[in-house]
Amino acid sequence: QVDWPWKLRIRSFGNFSVEVDGQLIDQTSKTHRRSMEFLQTLIALGGENVSKDMLSQILWPDSEGDKANHALDNLLHRTRKLIGTDLLTMDAGQIHLNKSQCWLDTWALKAFRKNLTQNDDTSMAQVELLLGIYQGGFLPNTENSFTLIAREQHCRNFLDSVKQLVDALFQQEIPYKAINCLLQAIDREPNHESLYFLLAQYYSA
């Protein structure tokens with residue numbers, strides 16, 4: 001539930017933002033920049049059960065193991081101080097965002113796709129929920145291999161959900177809502193030809 005008063009709210013689709021207790025963190029601050037990079041990396045790797053060793057290797061690729069781990073410990077401490085010590089935890093060498101107090105749009109999209117597949121709820125409320133979650137490509141200003149892989153996976157979940165919802169709206173004989181859904185999807189993913197193909201198909205139906 002995006003409207004729930006989450007202590008931490010992170011968006012990564014379209015633009016990256018971090019909100020703590022309703023207040024946006026200033027990402028332009030030099031003191032916050034490395035913490036924002038850390039959070040983006042953590043989220044690209046799933047946001048939970050992420051190996052500390054893997055994070056240190058990604059963030060400090062040219063440093064030796066002990067030095068990189070020490071640097072990560074310091075960064076983890078600063079990031080926890082920034083967003084809340086109970087929101088970022090480490091257990092047995094695995095780093096996690098606290099799911100009970102954190103809303104993360106990638107988690108929300110994954111839960112949405114699972115619910116849509118299992119329950120086949122194709123109401124307009126579901127369309128609005130999907131478009132509210134997915135504001136655009138995942139971390140669009142970040143270009144590394146693991147982020148690109150995550151971006152493609154999230155995009156595929158979004159496109160599959162859009163197609164399922166649009167098909168259902170046409171079956172319910174409300175084509176104008178289906179077309180509006182497609183137009184908003186194109187706003188979010190303008191480079192995916194499949195959306196234009198669907199739009200042309202339904203315009204001619």
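Which residues of α1 are buried?

**View 1. Helix α1 and its buried residues in the predicted model.** The buried residues of α1 are H32, S35, M36, F38, L39, Q40, T41, L42, I43 and A44. The helix covers residues 30-44. Its 15 residues should span 21 Å at 1.5 Å a residue, and the end C-alpha atoms of α1 are 22 Å apart, which agrees. Just after α1, G46 has a positive phi of about 115 degrees.

**View 2. The salt bridge of R34 and E37 within α1.** The closest N and O atoms of R34 and E37 are 2.6 Å apart. Both residues belong to α1, with their positions 3 residues apart in number, about one turn of the helix. R34 has a relative accessible area of 24% and is partly exposed. E37 is also partly exposed, at 36% relative accessibility. Side chains of opposite charge can pair when their charged atoms come close.

**View 3. The salt bridge of K99 and E48.** The side chains of K99 and E48 meet with an N to O distance of 3.2 Å. K99 sits in the loop between β6 (94-97) and β7 (102-104), and E48 in the loop between α1 and β4 (50-51), so the pair ties together parts of the chain that are 51 residues apart in sequence. K99 is partly exposed, with a relative accessible area of 45%. E48 is partly exposed as well, and its relative accessible area is 29%.

**View 4. D21, its salt bridge with K7 and its backbone.** D21 and K7 form a salt bridge through their side chains, at 3.3 Å from N to O. This pair links distant parts of the chain: K7 is in the segment before β1 (8-11), while D21 is in the loop between β2 (17-20) and β3 (23-24), 14 residues apart. K7 counts as partly exposed, at 27% relative accessibility. D21 is not a glycine, yet its phi is positive, at about 50 degrees. Most residues other than glycine have a negative phi. The count of salt bridges in the model comes to 8, and the pair of D21 and K7 is one of them.

**View 5. A92 in the loop between β5 and β6.** A92 lies in the loop that follows β5 (88-91) and leads to β6. Phi of A92 is near 55 degrees, a positive value in a residue other than glycine. At 72% relative accessibility, A92 counts as exposed, because the cut-off for that class is over 50%.

**View 6. The largest pocket and its lining.** The volume of the largest pocket is about 320 Å³. Its lining consists of 15 residues. Which of these residues lie nearest the centre of the largest pocket? They are G46, T106, W107, K110 and H154. The elements that give two or more residues to the lining are α1, α4 (105-119) and α6 (145-171). The largest share, 5 residues, comes from α4. By class, the lining of the largest pocket has 7 nonpolar, 5 polar and 3 charged residues. G46, whose positive phi is shown in View 1, is among the residues nearest the centre of this pocket.

How values were computed. Residues are numbered from 1 along each chain as its sequence is written. This is a predicted model: local features need pLDDT of at least 70, side-chain atom pairs count only at pLDDT 80 or more; totals for chains, interfaces and linings use all residues. Side-chain values use heavy atoms; hydrogens and water are left out. A salt bridge is a side-chain nitrogen of Lys or Arg within 4 Å of a carboxyl oxygen of Asp or Glu. Helices (H or I, at least four residues) and strands (E, at least two) are DSSP runs, numbered from the N terminus. Buried means under 20% relative accessible area, exposed over 50%, partly exposed in between (1.4 Å probe, protein chains only). On a 1 Å grid over the protein atoms alone, a cavity is a set of points where a 1.4 Å probe fits but cannot get out, and a pocket is an open set with protein on both sides within 12 Å along at least five of seven lines; lining residues have an atom within 4 Å of a point. Grid points are joined across faces, edges and corners, and a volume is the space filled by probe spheres set on the points. Ala, Val, Leu, Ile, Met, Phe, Trp, Tyr, Cys and Pro count as nonpolar, Asp, Glu, Lys and Arg as charged, and the others, Gly among them, as polar. The expected span of a helix is 1.5 Å times one less than its number of residues.
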